[in-house]
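Here is a walk through one protein model. Keep the sequence and the 3D view side by side as you read.

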Amino acid sequence: MKAHTQSEHINNCRAQLHVLGVNINKNILRIEDVGDYIPGSIMVQDFGIMANTYMNKNGCDFLRHSSEELRNLGSGYFSRFFPAQEIEILKEDLKHFIALRDYNKSQSVFQRVRPDSDTDYKWYLTTSKLYPIQDLAESPKLIHIAVEADSLSFAGKKLGNLIADDIFVRRNYHLFNLLTAREKEIICLIAKGVSSMVIADTLFLSIHTVNNHRKNIIHKLGITSLSQLVKFAVSFGII
């Protein structure tokens, strides 16, 4: 599986979000009018009230709730559909991202989602961008495009099968045992697409310390691409 495939899909999602954001900002489009025609689950989240304000049909169908029901869940939306520890990390990352107030930036992470506790989690690549607002007094909002990982050639069907890859786990268990608790934390964040700067802020470390940890991880695991690190992290339950 080629490493550049991941970048292609992330860049495609970012490009879609950029064009969508520009057109919304110019009042050329409304998300309510075009959301159902964009591939993937499209949502807008208001971080002032920690709630969804919009979800397209694709997302509603997967979560088995209407857009209004999801909005009424408020902050309970996050704990209902996402793993608790993962969503807490992601929420902190998004707060840092929002604080930048850069409408040209976007960020992408792999995350797990499920409609209810009786259903297995599915992997999604979620790309986020600040949602255009008309008044600076408004609370910040984010627009997300979430694409199921199984539809990405980067992940393909392998992501769904990595945890069951016993041969891979057996062959690499000695490497897993070489990792410190801090290195596992950092691997988790790296595999989700979090930058070194955000990792440093999240874990209260200097950027120099984070970069040293990254070098040690690469040396210990002998990896050469992000896709290899994601495979390792998922196989060993680090994420």
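A residue counts as buried when its relative accessible area is under 20%, as exposed when that area is over 50%, and as partly exposed in between. Keep that cut-off in mind for helix α10. Its buried residues are Ser 196, Val 198, Ile 199, Ala 200 and Leu 203. The model is a predicted one.

Start with the overall picture. The protein has 239 residues, and 49% of them count as buried. It holds 12 helices and five strands. Now take the contacts between residues at least 6 apart in sequence. Of these, 58% join residues at least 24 apart.

Return to α10. What covers its buried residues? The cover includes α6, which spans residues 84-99, along with α9 and α11. The partner α11 deserves a closer look. Helix α10 runs over residues 196-203 and helix α11 over residues 207-221. Their axes come within 9 Å and cross at roughly 110°. Angles from 65 to 115 degrees count as roughly perpendicular, so α10 is roughly perpendicular to α11. The crossing of α10 with α11 is right-handed. On the α10 side, the contact is made by Ser 196, Met 197, Ile 199 and Ala 200. On the α11 side, Ile 207, Val 210, Asn 211 and Arg 214 take part. Sorted by class, this contact has five nonpolar residues, two polar ones and one charged one.

Between these two helices sits a loop, and Phe 204 is found there. Phe 204 follows α10. Its phi is positive, near 55°, in a residue other than glycine. Is Phe 204 buried or exposed? Phe 204 counts as exposed because its relative accessibility is 76%, and the cut-off for exposed is over 50%.

Next comes α9. This helix covers residues 181-191. Its buried residues are Glu 183, Ile 186, Ile 187, Cys 188, Leu 189, Ile 190 and Ala 191. After α9 comes Gly 193, with a positive phi near 90°.

Helix α9 packs against α12, which spans residues 226-235. The angle between them is about 125°, and their axes lie 9 Å apart. That angle makes α9 and α12 oblique to each other. The crossing of α9 and α12 is left-handed. From α9, Ile 187, Ile 190 and Ala 191 meet Leu 226, Leu 229, Val 230 and Ala 233 of α12. By class, this contact has seven nonpolar residues, with no polar and no charged ones.

Now look at the nonpolar cores. How many residues does the largest one have? It has 31. The residues with the most contacts inside it are Ile 187, Ile 199, Leu 221, Phe 232 and Ile 238. The elements that give two or more residues to this core are β4 (122-130), α8 (166-178), α9, α10, α11 and α12. The largest share, six residues, comes from α9. A second, separate core has 23 residues, including Phe 47, Cys 60, Leu 63 and Phe 97.

Find Ile 238 in the view. Leaving aside residues up to four places away in sequence, Ile 238 touches Phe 176, Leu 179, Lys 184, Ile 187, Cys 188, Phe 232 and Ala 233. Two of these names should be familiar: Ile 187 and Phe 232 are also among the residues with the most contacts inside the largest core.

Turn to the strands. Val 109 lies in β3, which covers residues 106-113. Which residues does Val 109 touch, not counting residues up to four places away in sequence? They are Leu 90, Tyr 124, Leu 125, Thr 126 and Lys 192. Val 109 and Thr 127 are 18 residues apart along the chain, yet their C-alpha atoms are separated by 6.6 Å. Val 109 counts as buried because its relative accessibility is 8%, and the cut-off for buried is under 20%.

End at the loop between α6 and β3, where Arg 101 is found. Arg 101 has a positive phi of about 55°, although it is not a glycine. Its relative accessible area is 40%, so Arg 101 is partly exposed.

Definitions and conventions: Residues are numbered from 1 along each chain as its sequence is written. This is a predicted model: local features need pLDDT of at least 70, side-chain atom pairs count only at pLDDT 80 or more; totals for chains, interfaces and linings use all residues. Side-chain values use heavy atoms; hydrogens and water are left out. Axes are lines fitted to C-alpha atoms, for helices over the stretch in contact, and angles run from 0 to 180 degrees between N-to-C directions. Helices (H or I, at least four residues) and strands (E, at least two) are DSSP runs, numbered from the N terminus. Angles under 35 degrees count as roughly parallel, over 145 as roughly antiparallel, 65 to 115 as roughly perpendicular and the rest as oblique. A crossing is left-handed if the near helix is turned anticlockwise from the far one by less than a right angle, and right-handed if clockwise. Contact means heavy atoms within 4.5 Å. Ala, Val, Leu, Ile, Met, Phe, Trp, Tyr, Cys and Pro count as nonpolar, Asp, Glu, Lys and Arg as charged, and the others, Gly among them, as polar. A nonpolar core is a set of buried Ala, Val, Leu, Ile, Met, Phe, Trp, Tyr and Cys residues joined through side-chain atoms within 4.5 Å. Buried means under 20% relative accessible area, exposed over 50%, partly exposed in between (1.4 Å probe, protein chains only).
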